[in-house]
Amino acid sequence: MNKRRNNFNILSPSEDQVQRVSNFLDGLGKNINAQGPIAYKRMVFQITIDIISIDNLKEVNSNKNPLTDIFHMASFDYKNCAEEFAIDLIDSVFFVERIKLNKGRNLYEIFFKNQSKLVLEDIARCTLILDELADEKLGKYEGWKIKRIGNHDWRNYI
């Protein structure tokens, strides 16, 4: 999935996108710096991905902020870690679709979804929580996608 990263201009976002990342982080409050420099950089990266993805999606989709299914994926080295992650999702707004072993990657992948509006506040808060939860369970949050927007199968993978 990391190969998809090349489709985005992540390394040099526009000034507008940088400002939107800054504004979003300012809105989260003081607790950001307390999480340490690595966590902060991961947050900035994830929010940048979300902003660029939503911007690209708006170019494809003419509907404004429809409530839609957001499909997510996370990967884990160990099945029990993937199962613990799934258990944590059960009590939330997420619906776990399946856990499967990807033999090519030698990872357990968990696929799940939720409904959300395609706005930064909803998407980024969700992805930041999922990234942190996957990290706690020794896994990696891989990203999200929207199915069938017009003639496109549009994806955001990180």
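**View 1. Surroundings of L89 in the predicted model.** Setting aside neighbours within four places in sequence, L89 is in contact with F94, V96, I110, F112, L130 and L133. L89 also belongs to the largest nonpolar core, where it is among the residues with the most contacts inside that core. I110, F112 and L130 appear in both roles: they are in contact with L89, and they too are listed among the residues with the most contacts in the core.

**View 2. The largest nonpolar core.** This core has 31 residues. I47, F76, F85, L89, I110, F112 and L130 are the members with the most contacts inside it. Two or more residues each come from the helices α1 (15-28), α2 (37-60), α3 (79-90) and α4 (120-136), and from the strands β1 (67-76), β3 (107-117) and β4 (139-145). Which element gives the largest share of this core? It is α4, with eight residues.

**View 3. Aromatic rings around F76 and F85.** A pair of aromatic rings is described by the distance between the centres and the angle between the planes. The structure holds three aromatic pairs. One of them joins F76 and F85, with 5.2 Å from centre to centre and 50 degrees between the planes, a tilted arrangement. Both F76 and F85 are buried. Ring pairs link F76, F85, F94 and F112 into a cluster. Within this cluster, F94 and F112 are also contacts of L89, while F76, F85 and F112 are among the residues with the most contacts in the largest nonpolar core.

**View 4. R98 and the ring of F111.** Here a charged group meets an aromatic ring. The charged end of R98 sits over the ring of F111, at 4.2 Å from the ring centre.

**View 5. The E83–K79 salt bridge in helix α3.** The structure holds six salt bridges. In one of them the side chains of E83 and K79 meet, with an N to O distance of 4.0 Å. The two residues are separated by about one helical turn, because they lie four residues apart in helix α3. Are E83 and K79 buried or partly exposed? E83 has 36% relative accessibility and counts as partly exposed. K79, at 43%, is likewise partly exposed.

**View 6. The salt bridge from R105 to E142.** R105 forms a salt bridge with E142, and the closest N and O atoms are 2.8 Å apart. R105 lies in the loop between β2 (95-102) and β3, whereas E142 is in strand β4, so the pair ties together parts that are 37 residues apart in sequence. The partners have contrasting accessibility: R105 is partly exposed at 33% relative accessibility, while E142 is buried, with a relative accessible area of 2%.

**View 7. Further partners of E142.** E142 lies in strand β4. A second salt bridge joins the side chains of E142 and K140, at 3.7 Å from N to O. K140 is partly exposed, with 32% relative accessibility. R105, E109, K140 and E142 are linked in a network of salt bridges. Which residue joins E142 in a polar contact of 2.5 Å between side chains? That partner is S75. Why does E142 count as buried? Its relative accessibility is 2%, and the cut-off for buried is under 20%.

**View 8. D50 in helix α2.** The place of D50 is in helix α2. D50 counts as buried, because its relative accessibility is 0%. The side chain of D50 makes a polar contact of 2.5 Å with the side chain of T127. Another polar contact, at 2.9 Å, joins the side chains of D50 and W144. How many residues separate D50 and A124 in sequence? They are 74 residues apart in sequence, while their C-alpha atoms lie 6.3 Å apart in space.

**View 9. The whole chain, for orientation.** The chain has four helices and five strands. From the N terminus on, the elements run α-α-β-α-β-β-α-β-β. Of the 158 residues, 42% count as buried. Among contacts between residues at least 6 apart in sequence, 69% join residues at least 24 apart.

Definitions and conventions: Residues numbered from 1 in each chain as written. Predicted model: local features only at pLDDT ≥ 70, side-chain atom pairs only at ≥ 80, totals over all residues. Heavy atoms only, no water. Phe/Tyr/Trp six-rings, centres within 6.5 Å; stacked < 30°, edge-to-face > 60°. Buried < 20%, exposed > 50% of the residue type's maximum accessible area, 1.4 Å probe, protein only. Lys NZ or Arg CZ within 6 Å of the ring centre and 35° of its normal. Core = buried A, V, L, I, M, F, W, Y, C linked by side-chain atoms within 4.5 Å. Contact = heavy atoms within 4.5 Å. Polar contact = N/O pair within 3.5 Å; in protein donor to acceptor, adjacent residues only side chain to side chain.
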